[in-house]
Amino acid sequence: MDLNLKQPGRAAMDFMVSLTAAARPLAAAWASELAAAGVTAQTLPDDLDARHERIHQALAHSRAFAVSSLAMDFASVEHGRVATAAFEDLGLEPTLAILEAKGPAAIETREGFVPPDYYRDVWFHRTTGGWDGHPQQGLIHGELIHRHYVAKNFPGDIFAQRRRVLAELPRRDYTRIFEMGSSSGHFTQALAETFPAAHITGCDISLPMLRQALRTANAHGWPWRLIQCAAEDSGLPDASFDLVTSYIILHEMPRAAIAKLFAEAFRLLEPGGHMLMSDVTPYAAQDRMAAWRADWLARHGGEPWWRESATTDLAALARDAGFIDVQSRGIDGALYPWITMATKPA
Ligand SMILES: C[S@@+](CC[C@H](N)C(=O)[O-])C[C@H]1O[C@@H](n2cnc3c(N)ncnc32)[C@H](O)[C@@H]1O
């Protein structure tokens, strides 16, 4: 969706992007200070909390680190507010309602649905109210923040990455796909474009996020079935899909919930069906400095489950759920995107 922001909103979003870019050289400065103090991937302790302590001691008097942390905190807390104000200035609500009503896609809600504890009242990304913080959070996060902020800060093309992971799948002819954590529909769109003949069912806990996915589907004429539910408890029939997949939802869940989600994927797949989950790089695949940095960014960025998820052996969980031919790896020689792919025995 092409959003023509008004000048104050555009300027405020551009400022957030510029702030992040301007703070980037500071990271190189404090990384040099760490090296000069003899703190390297090789000398850091194994324990993550001890690693944080060691680095914070070494950088206790570093101005570069202090300003870097401040800029990151400011951007984390402010980006959602700035995007919300930019959205509200547009007065788009009536247009959005028309796009939602026009079909062919639809959202199903379930009476008495209660989000799981690990999600409820958590302000993911330090955005006020988290994924449900605004009735139009799907458009604010999925369009404004993704296209005007994340896409400009994050390495690589965040939309091409979603399409790229799908090229790893062994088949081109899936007909019934279930996506866990569709959110505002970016990966759902990649699925629809890659497998145009497939019927797509998506789910998410957040209704405001699903409403944006609904509008995307309707704008393209895609008949997605979108369900508000927890992915690990979909209530859908056994063996009703040939592909179950997700893009960056696992790092928002504790280990026990990921285990349940894999078990649910196994139950929902027909024999011979495939599971493909793409998420953040496991700490075990990174050196100690890179893993510390990911942990530090996650802490500042409002990601309460990132560490637990990134220190989980996803391949082992997939095998525990009954999957075979399990692969857990990066693609194209890089560590991100990271995929966990597996097959339900035929
Ligand atoms: C980072 S977004 C997913 C991004 C999306 N797949 C894409 O490609 O843009 C994470 C989403 O997962 C949803 N979520 C978190 N835990 C979930 C769960 N257990 N079941 C379903 N959705 C969940 C959140 O509401 C949020 O919309």
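Which side chain has an N or O atom 2.7 Å from a nitrogen atom of the ligand? The side chain is that of Tyr118. The model described here is predicted.

## Ligand surroundings

The ligand is surrounded by 23 residues. Tyr118, Arg162, Ser183, Asp204 and Ala231 are the closest of these. Sorted by class, the shell around the ligand consists of 13 nonpolar residues, five polar residues and five charged residues.

## Polar contacts and burial of the ligand

Two of the closest residues, Tyr118 and Arg162, make polar contacts through their side chains. In the case of Tyr118, the side-chain N or O atom is paired with a ligand nitrogen at 2.7 Å. For Arg162, a polar side-chain atom is 2.8 Å from an oxygen atom of the ligand. Gly181 contributes through its backbone instead: an N or O atom there is 3.0 Å from a ligand nitrogen. Of the 600 Å² that the ligand exposes when taken alone, 98% is buried by the protein.

## Packing of H5 and H6

Arg162 also belongs to a helix pair. Helix H5 covers residues 137-153 and helix H6 covers residues 158-166. Their axes come within 10 Å and cross at roughly 90°. H5 and H6 are therefore roughly perpendicular to each other. In general, a pair of packed helices is described by the angle between their axes and by the distance between the axes.

On the H5 side, the residues in contact are His146, Arg147, Val150 and Ala151. They meet Ile158, Phe159 and Arg162 of H6. By class, this contact comprises four nonpolar residues, one polar residue and two charged residues. Arg162 thus appears both in the contact of H5 with H6 and among the closest residues to the ligand.

## Cis peptide bonds

Two cis bonds that precede proline are described here. The bond from Gly103 to Pro104 is cis, and its omega is near 15°. Pro104 sits in the loop that runs between helix H4 (93-101) and strand E1 (106-108).

The bond from Tyr336 to Pro337 is also cis, with omega near -5°. Here the loop is the one between strand E7 (324-330) and strand E8 (338-343), where Pro337 lies.

## A positive phi angle

Where is the residue Ile248 found? Ile248 is in the loop between strand E5 (241-247) and helix H9 (255-268). Its phi is near 45°, which is a positive value in a residue other than glycine.

Notes:
Residues numbered from 1 in each chain as written. Predicted model: local features only at pLDDT ≥ 70, side-chain atom pairs only at ≥ 80, totals over all residues. Heavy atoms only, no water. Near = heavy atom within 4 Å. Polar contact = N/O pair within 3.5 Å; in protein donor to acceptor, adjacent residues only side chain to side chain. Areas by Shrake-Rupley, 256 points an atom, 1.4 Å probe, with all protein chains shown as cover. Nonpolar A, V, L, I, M, F, W, Y, C, P; charged D, E, K, R; others polar. Axes fitted to C-alpha atoms, helices over the stretch in contact; angles between N-to-C directions. Helix = DSSP H or I, 4+ residues; strand = E, 2+ residues; numbered from the N terminus. Parallel < 35°, antiparallel > 145°, perpendicular 65-115°, else oblique. Contact = heavy atoms within 4.5 Å.
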